[in-house]
4 protein chains.
Amino acid sequence: MTIKIFVTGGTFDKEYNELRGELFFKRTHVPEMLKLGRCKLEVDVRTLMMIDSLCMTEADRRNILESCKRATEDRIVITHGTDTMVETAKLLADSIKDETIILTGAMVPYKFGSSDGLFNLGSSLAFAQTLPAGVYISMNGKCFRWDNVRKNKKTGEFEERQHYARKPS
Amino acid sequence: MTIKIFVTGGTFDKEYNELRGELFFKRTHVPEMLKLGRCKLEVDVRTLMMIDSLCMTEADRRNILESCKRATEDRIVITHGTDTMVETAKLLADSIKDETIILTGAMVPYKFGSSDGLFNLGSSLAFAQTLPAGVYISMNGKCFRWDNVRKNKKTGEFEERQHYARKPS
Amino acid sequence: MTIKIFVTGGTFDKEYNELRGELFFKRTHVPEMLKLGRCKLEVDVRTLMMIDSLCMTEADRRNILESCKRATEDRIVITHGTDTMVETAKLLADSIKDETIILTGAMVPYKFGSSDGLFNLGSSLAFAQTLPAGVYISMNGKCFRWDNVRKNKKTGEFEERQHYARKPS
Amino acid sequence: MTIKIFVTGGTFDKEYNELRGELFFKRTHVPEMLKLGRCKLEVDVRTLMMIDSLCMTEADRRNILESCKRATEDRIVITHGTDTMVETAKLLADSIKDETIILTGAMVPYKFGSSDGLFNLGSSLAFAQTLPAGVYISMNGKCFRWDNVRKNKKTGEFEERQHYARKPS
């Protein structure tokens, strides 16, 4: 079983430009992270884009969707900025029914030493192997179904929708 | 759902004694690693022992077994030295049938910067949430059933027994 | 002999705000860096401000000058953003003649793992102990007199003025 | 001015062998450390040996001495295990009078993340540029003359001999 990893950028892959003192994207660190994790799974890493998810356009999301559809693997991990991860998950879930797709990201860039990225990558590859077909978001050790998650902007954490969306009867 | 984490030592938790230039155990880094991973799962971390798995006695293994039996949680991750991980897994599997137990470890100590520990911890917590009752070893992104794995001492990797143990009929 | 360390901010001390994805200042990492370097010198660390040196006003620079004048130590290291380090050095040199003052900084924040900060701090404390009274800039292992240095904005490096300022006669 | 750097091993350059769980030497990290420090000094790095200083023989020390004598540079930094650093310094001081030689080392291997090596390398290169001819030991931000230093085995720190060696008259 090969797992496809689609890279789209996000905090995961941001770096520090030491001449300009700014954050930017160069190339993905996913292969380096897999090496650090001594990962022995068969994976195929493809970079689709390297952008902040706040800059992601409808066309970018279509690109991700088409890439998932065309993939011969039925287990896919997507690295993605956290800000619009739920939106992309929803688009994928509308069209794709027979693949296990895990979206994941990081709160701190991998290169900054104190990153949660390696932990999230480890979890996501495990969820990709074990969960039934569906679209999920994996962050902070947890895994949420695409239709039961939101990002809490105050805490930066993903949480279940049902915890706060209970409608009065 | 709370996940129990039993700490037994192993490379995971080794540190460098700068006065004596030797490796030693102080206390577990699992809580620090969970914090780095921004883990939001409910976990309960208990240190059972802090030893090299080559030094693990039959009594130590009994201690691990009894701790698993007494645990109120039915999903358990055990950090363990890799050298005798398979042996402990076998002992647990003989007696425990209704819990999901994941044994994991690391090739390089967490404190040494280039460790695979955070990746393995992330994977193990995901496998603990998703796999049915049974005893498993999770290393390098993979998860093996206790009765279908061995450590390849040359490569340091865990691999499936059936790949090399097929006997001619 | 005690060495005074004045902290003014700069790249040295920038951190990553994981909720907003931006760089910001919290508190200085100089004490943590001295601990990492197992520094056994007597030092007295004082934070004067925590700002980007591009935001440094004339009043801020006066504050640094007055602090140096009031210091009872005659050996001083100042951590400072690199962009206007030369300007501050010039102001200090105009008024202070009997102290050894070393300005230093970093190209990458200490917290980002790949920082030059610890190397520069080590060099600066050594230069502060050994150079005669005067105002210097210490970066990249080198030490420049305040009146013979400029920051090359293309390369990010400090270099001697005389290398490029020789006018044809 | 070029600074010669002679590498002899020591804790500085130790690595972790993940198959055997032991510390060992592969190749020096000094060039990588100079790169991390964005060092712009002209340096020439030569590896003389890669050993623990407790294993250093008289012949090894002769090798270091002859290498210093043959060097065309008169400013030299030597990376060295801390246990017998004072002994080597003494041998060098007996024969060499016209070079500035700085011996330095680390309490924790550079590869282990929490190393003092980068700080010590920064200091040593600064001391090498500024101190008069002589043989010195640079550790923990301090610089000691070869004939006024010992390693305190309890604390792991280098300290001046005169602090403890005052004999009653």
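Here is a walk through this structure, from the meeting of two chains down to single residues.

First, some ground rules: this is a predicted model, in which local features need pLDDT of at least 70, side-chain atom pairs count only at pLDDT 80 or more, and totals for chains, interfaces and linings use all residues. Residues are numbered from 1 along each chain as its sequence is written, chains are lettered from A and ligands numbered from 1 in the order in which they are written, and side-chain values use heavy atoms, with hydrogens and water left out.

Let's begin where chain A meets chain B. Here 28 residues of chain A are in contact with 28 residues of chain B, where contact means heavy atoms within 4.5 Å. The size of an interface is often given as the accessible area lost when the parts come together. For chains A and B that comes to about 2300 Å², with 67% of it on carbon and sulfur atoms; this buried area is worked out with a 1.4 Å probe and summed over both parts. On the chain A side, R38(A), K40(A) and F119(A) lose the most area to chain B, together 28% of what that side buries.

What about charges and polar groups? The rule finds 2 salt bridges across this interface, a salt bridge being a side-chain nitrogen of Lys or Arg within 4 Å of a carboxyl oxygen of Asp or Glu. E157(A) and K40(B) form a salt bridge through their side chains, at 3.8 Å from N to O. There are also 11 residue pairs in polar contact across the interface, both at pLDDT 80 or more. (A polar contact is a pair of N or O atoms within 3.5 Å; within protein, one must be able to donate a hydrogen and the other to accept it, and residues adjacent in sequence count only if both atoms are side-chain atoms.) On chain A, the largest share of the side touching chain B, 11 residues, comes from helix α4 (residues 117–130). Helices here are DSSP runs of H or I with at least four residues, strands are runs of E with at least two, and both are numbered from the N terminus.

Now compare the two chains. A rotation of 180° with 0.0 Å of shift along its axis puts chain A on chain B, with an RMSD of 0.0 Å; the fit is by least squares on the C-alpha atoms of residues with pLDDT of at least 70 in both. The two copies are therefore related as by a two-fold rotation axis. Both use the same surface, since 100% of the contact residues of chain A recur in chain B.

Next, step inside chain B. Helix α3 (residues 85–95) has M85(B), T88(B), A89(B), L91(B), L92(B) and A93(B) buried. Buried means under 20% relative accessible area, exposed over 50%, and partly exposed in between (1.4 Å probe, protein chains only). Among the elements covering those residues of α3(B) are α2, β5 and β6 (100–104) of chain B.

Two loop residues make a nice pair to look at. E73(B), between α2 (58–70) and β5 (75–79), counts as buried because its relative accessibility is 12%. R27(B), between β3 (22–25) and α1 (30–36), is exposed because its relative accessible area is 59%. Leaving aside neighbours within four places in sequence, R27(B) is in contact with D13(B), E15(B) and M50(B).

Last stop, chain C. N140(C) has a positive phi of about 60° although it is not a glycine, and at 4% relative accessibility N140(C) counts as buried.

Definitions and conventions:
Buried area is the accessible area (1.4 Å probe) that two parts lose on being put together, summed over both.
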